[in-house]
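Let's take a friendly tour of how side chains pair up in a protein. Keep the structure in view and find each pair as you read.

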Amino acid sequence: MKYNRTISMVISVLCGIIAALLLLFSISTTTWLVNTTERRGLWEKCIVYSMESVECAKNEAAPWRSACAAMCIMSLLICLLATFAAVIGLNTKNCKLKYRMYSVARGVMLLAIICGCIGLITFPIKFRSELPEDDDVPWEFGWAYGVGWGAVIFMTGACILLLLDKESEEITYHEKTVYNEDDYETEATT
């Protein structure tokens with residue numbers, strides 16, 4: 001069975017779109033870390049009194065929280081840029097431009113993965129370091145934090161698909177048969 005590069009590029013673009021949507025959902029919610037009475041996200045903290053009664057307020061200003069939010073937003077924007085570059089590469093007939101766009105998409109998507117990982121790893125570590133030593137309330141990762149990691153996984157999949165067999169479509173060759181007239185003359189006389 002012949003490997004079709006176009007299919008892997010289309011899947012790569014779809015992975016990039018899914019990753020961007022997942023990052024958008026993850027960044028916009030307040031359920032990165034949860035316990036029985038509280039939820040914390042990048043922007044807000046919420047106190048849960050009952051299923052119907054939830055009170056939310058902005059998080060206290062902390063440089064690490066702003067840095068985590070900035071890294072996640074940068075990851076989202078860079079992921080969109082990489083996906084756009086892959087779409088341009090997928091739609092062009094110019095082989096040099098196609099190869100260049102795929103290379104740009106690979107590098108930029110790798111940068112998006114790094115930014116996402118930094119933001120997702122830093123948030124719970126710095127949050128835990130802010131808690132008092134005698135705080136024995138168990139905090140758990142919320143669904144939005146898991147969705148953020150899902151986005152990183154989709155970005156990694158897109159990057160791997162952009163790496164696979166990266167030159168098979170771009171390299172084309174033309175075979176031309178050249179006859180040497182001297183060889184013809186020597187064969188005819190002998």
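Why is the disulfide of Cys-46 and Cys-56 right-handed? The torsion about its S-S bond is about 105°, so the disulfide counts as right-handed. Keep in mind that this is a predicted model. The briefing below looks at the cysteines and then at the salt bridges.

**The disulfide**

- The structure has 1 disulfide, and its partners are Cys-46 and Cys-56, with sulfur atoms 2.0 Å apart.
- Cys-46 sits in strand S3 (residues 44-48) and Cys-56 in strand S4 (residues 54-58), so the bond ties together parts that are 10 residues apart in sequence.
- The two partners are worth comparing at the surface: Cys-46 is buried, at 1% relative accessibility, whereas Cys-56 is partly exposed, with a relative accessible area of 39%.

**Cysteines without a bond**

- What keeps Cys-68 from bonding with Cys-72? The sulfur of Cys-72 is the closest cysteine sulfur to that of Cys-68, but at 6.7 Å it is too far for a bond, because a disulfide needs sulfur atoms within 2.5 Å.
- Cys-68 is also buried, with 1% relative accessibility.
- For Cys-79, the closest cysteine sulfur belongs to Cys-15, and at 9.8 Å it is too far for a bond.
- Cys-79 is buried as well, its relative accessible area being 0%.

**Salt bridges**

- Side chains of opposite charge can pair when their charged atoms come close.
- How many salt bridges does a search of the whole structure find? The search finds 3.
- One of them joins Arg-40 and Glu-38, at 2.9 Å from N to O. Arg-40 is buried at 12% relative accessibility, and Glu-38 is buried at 19%.
- Another joins Lys-45 and Glu-60, whose closest N and O atoms are 2.4 Å apart. This pair links distant parts of the chain, 15 residues apart: Lys-45 is in strand S3, while Glu-60 is in the loop between S4 and helix H2 (63-91). Lys-45 is partly exposed at 22% relative accessibility, and Glu-60 is partly exposed at 40%.
- Glu-130 and Arg-65 also form a salt bridge, with their closest N and O atoms 3.7 Å apart. Here too distant parts of the chain are linked, 65 residues apart: Glu-130 belongs to helix H3 (residues 95-130) and Arg-65 to helix H2.
- Is each partner in that pair buried or partly exposed? Glu-130 is partly exposed, at 42% relative accessibility, whereas Arg-65 is buried, with a relative accessible area of 4%.

Methods:
Residues are numbered from 1 along each chain as its sequence is written. This is a predicted model: local features need pLDDT of at least 70, side-chain atom pairs count only at pLDDT 80 or more; totals for chains, interfaces and linings use all residues. Side-chain values use heavy atoms; hydrogens and water are left out. Helices (H or I, at least four residues) and strands (E, at least two) are DSSP runs, numbered from the N terminus. Buried means under 20% relative accessible area, exposed over 50%, partly exposed in between (1.4 Å probe, protein chains only). A salt bridge is a side-chain nitrogen of Lys or Arg within 4 Å of a carboxyl oxygen of Asp or Glu.
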